[in-house]
Amino acid sequence: MGNQVEKLTHLNYKEVPTADPTGMDRDEGPRIGVSYIFSNDDDELEQQQDSVHDLGGEHPALQPYDPRLHEVECSVYYRDECIYQKSFSEEDVPPPEEGDGGGRSHLSTYTPENLLNRCKPGDLVEFVCQAQYPHWVVYVGDFQVVHLHRLEVVNSFLTDASQGRRGRIANQLYRYKPLSPAVVVRNALEQVGCKDRDLSWRNSECFAAWCRYGKREFKIGGELRIGKQPYRLQIRLGDKRSHTLEFQSLEDLIMEKRRNDQIGRAAVIQELSSHLQAAEEEEEEEEEDQHHPGARTAVE
């Protein structure tokens, strides 16, 4: 399979660098430096999930989709600049662009049929469903979208691309200045048929965002990984509590953000809480050893 790189295992949290909060961070909390390299397009997992239906198997019953219950509130920073934000707080919602719609309900989801009445050429649409990766598409007009699906850029009807999932117009999530609608549509249509070794994107979100913003950071290898970690993913755990992960590239960060969306809010909070609790207990043990250096030896 093209564009493959060797998959790295997760570093032990004791082995990764840490840094103090700076810039836009207002909530206090540990900051962990992490860099991931992934081996394949995570939309492949979507293919495996879809195969359950193809084979006639039964799919576990899912609860009705509620963004506030299932989605992780988070912000992405490049150094001190916020370049992406998903928040249910009205204060954090950016003003809509002229004719962009959305407003404070920018995270509301709609059926594919209702989305058709809201989309304009050049819009990004994010389809969401519990326990699945979000799937991003570019609306190009005439009820059609262009998207990266199963390692190929394809042109589909919006209702087919949704696969029954609810969706939203996702123009307001990234805070980059968008290209003109005509250029966004052209970028998408020019890539139709691109697949396997010719692909420059590892998932549907990176492809759709590249079409709209034209930034190489969304492409595979678009940034050099030279040890610096200028990207920060700040995950909101609750009121005035957040946890920050650091990444070398935007591509790596997006993969982790999508993994969080796939496993769901409750699992992310539980996962991070376990790590934080273990880190706090270890810090307490180290402090105790510093104050009483002979205590542990005596016990042993």
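In helix 6, Ser204, Glu205 and Cys206 meet up with Ile254, Lys257 and Arg258 of helix 7; a contact here is heavy atoms within 4.5 Å. Sorted by type, the residues of this contact are 2 nonpolar, 1 polar and 3 charged (Ala, Val, Leu, Ile, Met, Phe, Trp, Tyr, Cys and Pro count as nonpolar, Asp, Glu, Lys and Arg as charged, the others, Gly among them, as polar). This is a predicted model, with local features needing pLDDT of at least 70 and side-chain atom pairs pLDDT 80 or more, while totals for chains, interfaces and linings use all residues. Residues are numbered from 1 along each chain, and side-chain values use heavy atoms, without hydrogens or water.

The axes of helix 6 and helix 7 (residues 250–263) sit 10 Å apart, at an angle of about 125 degrees. That makes the pair oblique (neither under 35, nor 65 to 115, nor over 145 degrees).

Just as handy to look at is Arg202, in the loop between helix 5 (181–190) and helix 6. Arginine 202 is buried, at 7% relative accessible area (buried means under 20%, with a 1.4 Å probe and protein chains only). Its side chain makes a polar contact of 2.8 Å with that of glutamate 251 (a pair of N or O atoms within 3.5 Å, one able to donate a hydrogen and the other to accept it).

Then there's the largest nonpolar core, with 44 residues, where Val138, Tyr174, Phe218, Ile235 and Leu250 touch the most other members. Helix 6 (residues 204–213) chips in the largest share, 7 residues. Such a core joins buried Ala, Val, Leu, Ile, Met, Phe, Trp, Tyr and Cys residues through side-chain atoms within 4.5 Å.

Note on methods:
Buried means under 20% relative accessible area, exposed over 50%, partly exposed in between (1.4 Å probe, protein chains only). Helices (H or I, at least four residues) and strands (E, at least two) are DSSP runs, numbered from the N terminus. Axes are lines fitted to C-alpha atoms, for helices over the stretch in contact, and angles run from 0 to 180 degrees between N-to-C directions.
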